[in-house]
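Open the model in your viewer and follow the selections below in order.

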Amino acid sequence: MGIDAPLNMQSHIQQKLHAAFEPAYLEVINESDQHNVPAGSESHFKVVLVSEKFENKRMVGRHREIYAILADELAGSIHALALHTYTPSEWHNLADTALNSPACRGGGKINS
């Protein structure tokens, strides 16, 4: 029996959030390539998370829960985390779409 290969950060985040929130919908997108980081980086992510566990919780509370679950990752290699959190009814009212992340404004970005 072989040793499992380590998860990439995107899959790692998905697994942790799935276990914690039992989401109706979860999407974790690596947006590192849109930023001034080396190729292959896993430092900038967008999370779209729809969960009944967000019922009766304000956006700040939802985000704090995610930050707590991903505390080790945020203290390490994750530089930015764009969070889009919804209850199932909020998600339905958005017609199952999430907002685009803003363009990187990081220093040193070279524009072509």
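What distance should the 13 residues of helix 1 (residues 9–21) span at 1.5 Å a residue? The expected value is 18 Å, and the end C-alpha atoms lie 18 Å apart, which agrees; the expected span is 1.5 Å times one less than the number of residues. Helices (H or I, at least four residues) and strands (E, at least two) are DSSP runs, numbered from the N terminus.

This is a predicted model, in which local features need pLDDT of at least 70 and side-chain atom pairs count only at pLDDT 80 or more, while totals for chains, interfaces and linings use all residues. Residues are numbered from 1 along each chain as its sequence is written, and side-chain values use heavy atoms, with hydrogens and water left out.

Next, select Met-9, Ile-13, Leu-17 and Phe-21, the buried residues of helix 1 (buried: under 20% relative accessible area, 1.4 Å probe, protein chains only). They cover an arc of only 70 degrees around the axis, so they sit on the same side of helix 1; the arc is that of the directions from the helix axis to the C-beta atoms.

Now show the surroundings of Ile-13. Ile-13 touches Val-28, Phe-45, Val-47, Leu-70 and Ile-78, leaving aside residues up to four places away in sequence (contact: heavy atoms within 4.5 Å).

Step past the end of helix 1 to Glu-22, which takes a positive phi of about 45 degrees.

Finish at strand 3 (residues 80–86). Five of its seven residues are buried, so strand 3 is largely enclosed by the rest of the structure. Strand 2 (residues 44–50) runs parallel to strand 3, joined by seven bridges (strands pair if DSSP finds at least two bridges between them). Select His-44 to find its bridge partner in strand 3, Ala-80.

Technical notes: Buried < 20%, exposed > 50% of the residue type's maximum accessible area, 1.4 Å probe, protein only.
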